Amino acid sequence: MQLEGAHVDEEQTVSDPELLAEIMEIREAVEEVANPPALQQIQFQVKGSLDHWSKSFENAFKKRKFEEAITSIQRMTYYSRINEEIMRKL
């Protein structure tokens with residue numbers, strides 16, 4: 001993205017209330033779950049979201065829609081952090 005002249009701040013917060021609510025729900029579920037199979041199920045869902053946003057990024061980048069690509073990167077960052085939390089618990 002930087003080679004194309006687009007600045008990406010992966011730490012910039014997202015103001016989408018639906019996404020933030022979903023992230024909070026997933027994090028709460030990760031905190032409450034103690035058994036590995038349940039954590040793996042949550043991880044499967046998180047990886048599905050990561051895959052979705054990865055494809056969204058790819059499509060936006062190919063079409064040179066850099067704002068959409070940046071939004072995808074920011075969302076992938078949230079899901080990646082949740083995946084890291086799950087990996088620590090497994």
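This passage describes charged contacts, buried positions and a surface patch in a predicted model.

A search of the whole structure finds four salt bridges, and three of these pairs are described here in turn. In one of them, aspartate 16 is paired with arginine 75, and the closest N and O atoms of the two residues lie 2.9 Å apart. Because aspartate 16 belongs to the segment before α1 whereas arginine 75 belongs to helix α3, this pair ties together parts of the chain that are 59 residues apart in sequence. The two partners also fall into separate classes of accessibility: aspartate 16 has a relative accessible area of 24% and is therefore partly exposed, while arginine 75, with a relative accessible area of 12%, is buried.

Two further salt bridges are found within helix α2, which spans residues 36-62. Lysine 55 forms a salt bridge with aspartate 51, with 3.2 Å between the closest N and O atoms. Since these two residues are four positions apart in helix α2, about one helical turn separates lysine 55 from aspartate 51. Both partners are partly exposed, lysine 55 with a relative accessible area of 45% and aspartate 51 with a relative accessible area of 39%. In the other pair, glutamate 58 forms a salt bridge with lysine 62, and here the closest N and O atoms are 3.1 Å apart. Glutamate 58 and lysine 62 are likewise four residues apart in helix α2, so that they too are separated by about one helical turn. Glutamate 58 is partly exposed, with a relative accessible area of 39%, whereas lysine 62 reaches 59% relative accessibility and so counts as exposed.

Negative charge also gathers on the surface, where Glu22, Glu25, Glu28, Glu31 and Glu32 form a patch. One of these residues, glutamate 25, is placed in helix α1, which covers residues 17-32. With a relative accessibility of 55%, glutamate 25 counts as exposed, because the exposed class begins over 50%.

Buried positions can be described in a similar way, beginning with serine 72. This residue is found in helix α3, which runs over residues 66-89, and its relative accessible area of 1% places serine 72 among buried residues, for which the value must be under 20%. When residues up to four places away in sequence are not counted, serine 72 touches Trp53, Ser56 and Phe57. Alanine 6, which is placed in the segment before α1, is buried as well, with a relative accessible area of 10%. Although alanine 6 and alanine 69 are 63 residues apart along the chain, their C-alpha atoms are separated by 9.7 Å.

A final point concerns the backbone of arginine 64, which is found in the loop between α2 and α3. The phi angle of arginine 64 is near 60°, and this is a positive value in a residue other than glycine.

Key: Residues numbered from 1 in each chain as written. Predicted model: local features only at pLDDT ≥ 70, side-chain atom pairs only at ≥ 80, totals over all residues. Heavy atoms only, no water. Patch = residues over 30% accessible without salt bridge, like charges linked within 9 Å, V, L, I, M, F, W, Y side chains within 5 Å. Areas by Shrake-Rupley, 256 points an atom, 1.4 Å probe, with all protein chains shown as cover. Salt bridge = Lys/Arg side-chain N within 4 Å of Asp/Glu carboxyl O. Lys, Arg positive; Asp, Glu negative; His and termini not counted. Charge placed at Lys NZ, Arg CZ, Asp CG, Glu CD. Buried < 20%, exposed > 50% of the residue type's maximum accessible area, 1.4 Å probe, protein only. Contact = heavy atoms within 4.5 Å.
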